[in-house]
Amino acid sequence: FTSVYGKTRPPSEKELNNFVSKRFELFCREFLAEYLQGEIVVKAGRWWGQAEISPGNFEQREIDVVVETQQKIYVGECKWTNEKIGEKELKRLKESAKALNVKKPVRWVLFSKNGFNIQETDGLLLFDPKRIETEIKHLR
C-alpha cells in the first residue's frame, strides 16, 4: 500500500528492491514448507528477538525463515541483493539461531537473488531463483 498509494512516479531501484525483498521472504517461507513434502510441517514463520552474540552482549535479530517439521527445524536467511552470499550470512544466522533453543536437529537454509560463494552440504540447503524454479517444476 505504501509503495503505490499516492505515488506519482515509478519507485526508485532502492524502493523497488525493498518492496521485493519483503515479498521474497514470504515466498521463501512458503516455498520451503512445500519443498519439504516428505516431512510433516508443524509450523512455519519467522523469528524476531534478542540474540546473545557474545557473553552478555545481546542484539536485536530477525530470522527470515523458520520451518519446524516433526523431525527437524529449518532455519533460513533470505537475501535480495546483487552480491553472492555465503559464510558471513551463515555465521550470522547461526548466531541468531542460538536464541531459538531448539531440541531438534537444525538444517540451515540460505536463499539468494544472485547465488552463493559457498557450496551446499548435508546440513545446508542453498536456493537461488534458478534452483527454486527447477524445484517448483518438480513439485507439480
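**Exercise 1. Find the distance between the closest N and O atoms in the salt bridge of lysine 137 with glutamate 133, then place both residues.**

Step 1. Lysine 137 forms a salt bridge with glutamate 133, and their closest N and O atoms are 3.7 Å apart. A salt bridge here is a side-chain nitrogen of Lys or Arg within 4 Å of a carboxyl oxygen of Asp or Glu.

Step 2. Both residues lie in helix α3, four residues apart, about one turn of the helix. Helices (H or I, at least four residues) and strands (E, at least two) are DSSP runs, numbered from the N terminus.

Step 3. Lysine 137 is exposed, at 58% relative accessible area. Glutamate 133 is partly exposed, at 47%. Buried means under 20% relative accessible area, exposed over 50%, and partly exposed in between (1.4 Å probe, protein chains only).

A note on the source: this is a predicted model, where local features need pLDDT of at least 70, side-chain atom pairs count only at pLDDT 80 or more, and totals for chains, interfaces and linings use all residues. Residues are numbered from 1 along each chain as its sequence is written, and side-chain values use heavy atoms, with hydrogens and water left out.

**Exercise 2. Sort the residues of α3 into buried and exposed.**

Step 1. Helix α3 spans residues 129-139. Ile132, Glu135 and Leu139 are buried there.

Step 2. Seen down the axis of α3, the buried residues fall within an arc of 65°, so they line one face of the helix. The arc is that of the directions from the helix axis to the C-beta atoms.

Step 3. The face turned away from the buried side carries exposed Lys130, Lys137 and His138.

Step 4. The cover over the buried residues of α3 includes α1 (13-35), β4 (106-112) and β5 (124-127).

**Exercise 3. Describe the two faces of β5 and its pairing with β4.**

Step 1. Leu124 and Leu126 are on one side of β5, Leu125 and Phe127 on the other. All four are buried, and both faces are covered.

Step 2. In a regular strand, side chains alternate between the two faces of the sheet.

Step 3. β4 and β5 run parallel, joined by four bridges. Strands pair if DSSP finds at least two bridges between them. Valine 109 stands opposite leucine 125 in β5.

**Exercise 4. Work out what surrounds glutamate 39.**

Step 1. Glutamate 39 lies in the loop between α1 and β1 (41-54).

Step 2. Glutamate 39 is buried yet has no salt bridge. Lysine 72, the nearest side chain of opposite charge, is 4.1 Å away. Lys and Arg count as positive and Asp and Glu as negative; His and the chain ends are not counted.

Step 3. Not counting residues up to four places away in sequence, glutamate 39 touches Thr69, Gln71, Lys72 and Tyr74. Contact means heavy atoms within 4.5 Å.

**Exercise 5. Explain what the salt bridge of glutamate 68 with lysine 104 ties together.**

Step 1. The closest N and O atoms of glutamate 68 and lysine 104 are 2.7 Å apart.

Step 2. Glutamate 68 lies in strand β2 (residues 57-69) and lysine 104 in the loop between α2 and β4, so the pair ties together parts 36 residues apart in sequence.

Step 3. Glutamate 68 is buried, at 18% relative accessible area. Lysine 104 is partly exposed, at 25%.

Step 4. The structure holds 11 salt bridges.
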